[in-house]
Amino acid sequence: MSSVQKKMYAPLPPARIAFIGLGVMGFPMAGHLARAGHHITVYNRTRSKAEAWVAEFGHQYAESPAEAAKNAELVFFCVGNDQDLYEVVAGPEGALQQAQAGAIFIDHTTASALIARTLNEHCLNADVQFIDAPISGGQAGAVAGKLSIMCGAPQAAFNQVLPYLECYGTMIERLGDVGAGQLCKMVNQICVVGVLQGLSEGLAFGEQAGLDMDKVVKVISGGAASSWQMLNRSQTMLEREFDFGFAVDWMRKDLGLVLNEARNNGARLPLTAMIDQLYGEVQQRGGGRLDSSSLITLLGKHEN
């Protein structure tokens with residue numbers, strides 16, 4: 001079974017593309033670019049993932065980010081954190097070492113606005129353009145090609161890459177210059193965890209009250225309380241199933257970026273700070289790899 005769902009792609013001249021980072025998001029995203037007819041070279045730190053991608057989609061893999069980027073017009077990145085991103089872009093074997101002048105780097109990592117701006121400076125010195133383009137929509141969105149993509153970029157560079165982003169994105173916006181995409185992703189995560197904590201408390205309260213929670217969710221999901229999290233996570237939360245999705249460890253990494261940025265810009269985030277600590281408690285209980293909806297495990301009669 002393919003790791004990408006069938007999708008109609010806008011006809012484009014085949015481009016030479018490098019895709020660096022083949023995790024649960026990057027693997028299907030690179031697959032969509034391949035299915036759209038582009039020439040793809042992939043790189044992944046764990047070679048077996050690159051081999052698996054080539055076995056499914058064809059094309060080729062490289063032994064380093066620099067080798068992958070050598071002849072690429074566009075270089076996409078989807079890795080773990082600021083340090084990982086710096087290494088694959090500007091490290092000794094990073095893509096900048098062999099990138100061609102005029103290439104565009106598109107970074108889908110959820111990282112800090114500071115690293116985006118730092119790498120933009122490195123890229124400009126090498127006559128390469130840099131776009132920070134964090135994503136939202138989870139693995140299901142990546143497989144379906146229905147991600148939201150938040151971009152920080154010069155307008156001309158954004159216009160140039162937009163048709164390629166549409167291979168796996170349906171809601172794509174330029175928010176401003178480099179760094180603005182990462183700031184928008186921080187807004188996204190603030191909103192997500194606030195909804196998850198509210199949903200956790202509501203479901204746990206209903207359980208304590210002895211309500212039929214399937215009926216509760218059915219009726220309130222048709223009103224003002226509805227959300228993506230309610231529609232997609234309430235049932236698994238009620239069943240205490242969390243072996244999928246966006247891990248607590250990843251969410252805490254993201255919230256660390258959020259809270260650090262808030263200290264710099266003066267934003268007050270009392271609820272976000274509290275939820276970050278609750279995720280820390282989930283980690284302490286051994287739940288770091290559970291889905292971020294596992295906040296409910298700290299609540300209710302099942303957990304006391």
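Let's start at a loop: Asp127 sits in the stretch between α5 (113-125) and β6 (129-132), where helices are DSSP runs of H or I with at least four residues and strands are runs of E with at least two, numbered from the N terminus. Phi of Asp127 is near 60°, a positive value in a residue other than glycine. Most residues other than glycine have a negative phi. Asp127 also counts as exposed, at 51% relative accessibility; the cut-offs are under 20% relative accessible area for buried, over 50% for exposed, and partly exposed in between, with a 1.4 Å probe and protein chains only.

Before going further, a word on what you're looking at. This is a predicted model, in which local features need pLDDT of at least 70 and side-chain atom pairs count only at pLDDT 80 or more, while totals for chains, interfaces and linings use all residues. Residues are numbered from 1 along each chain as its sequence is written, and side-chain values use heavy atoms, with hydrogens and water left out.

Now step back to the whole chain. It has 12 helices and 9 strands. Its radius of gyration is 20 Å, close to the 19 Å that the globule rule gives for 304 residues, so the chain is as compact as a globular protein of that length. That radius is taken over C-alpha atoms, and the rule is 2.2 Å times the number of residues to the power 0.38. Along the principal axes, the C-alpha atoms fill a box of roughly 65 × 45 × 35 Å.

Buried residues account for 51% of the 304 residues. On the outside, the accessible surface comes to about 14200 Å², and 53% of that belongs to carbon and sulfur atoms; these areas come from the Shrake-Rupley method with a 1.4 Å probe, and for residues only the protein chains shown count as cover. If you take contacts (heavy atoms within 4.5 Å) between residues at least 6 apart in sequence, 67% of them join residues at least 24 apart.

What about the inside? The largest nonpolar core has 39 residues, and those with the most contacts inside it are Trp53 and Phe76. A nonpolar core here is a set of buried Ala, Val, Leu, Ile, Met, Phe, Trp, Tyr and Cys residues joined through side-chain atoms within 4.5 Å. The elements that each supply at least two residues of this core include β1 (16-20), α1 (26-35), β4 (74-77) and α7 (155-165). There's also a second, separate core of 26 residues, with Tyr43, Ala99, Leu119 and Val178 among them. In soluble globular proteins, nonpolar side chains tend to be buried together.

Take the two well-connected residues in turn. Trp53 lies in helix α2 and is buried, at 0% relative accessibility. Leaving aside neighbours within four places in sequence, Trp53 is in contact with residues including Leu22, Phe27, Ala30, Val42 and His59. Phe76, with residues up to four places away not counted, touches several residues, among them Ile17, Phe19, Leu33, Ile106 and Tyr168.

His59 turns up again around His39, a residue of strand β2. Beyond its neighbours within four places, His39 is in contact with Pro14, Ala15, Arg16, Ile17 and His59. His39 is partly exposed, with a relative accessible area of 45%. To get a feel for distances, find Leu199: its C-alpha atom is 44 Å from that of His39, and the two residues are 160 apart along the chain.

Next, move to helix α10 (residues 228-238), whose buried residues include Met230, Arg233, Met237 and Leu238. What covers the buried residues of α10 includes α8 (180-208) and α9 (213-220). Just after α10, Arg240 takes a positive phi of about 55°, although it is not a glycine. Arg240 belongs to the loop between α10 and α11 (248-265) and counts as partly exposed, at 22% relative accessibility.

Finally, look at Pro92, in the loop between α4 (82-90) and β5. Pro92 is exposed, with a relative accessible area of 70%. Not counting residues up to four places away in sequence, Pro92 touches Glu87 and Gln97. The C-alpha atoms of Pro92 and Trp250 are separated by 26 Å.
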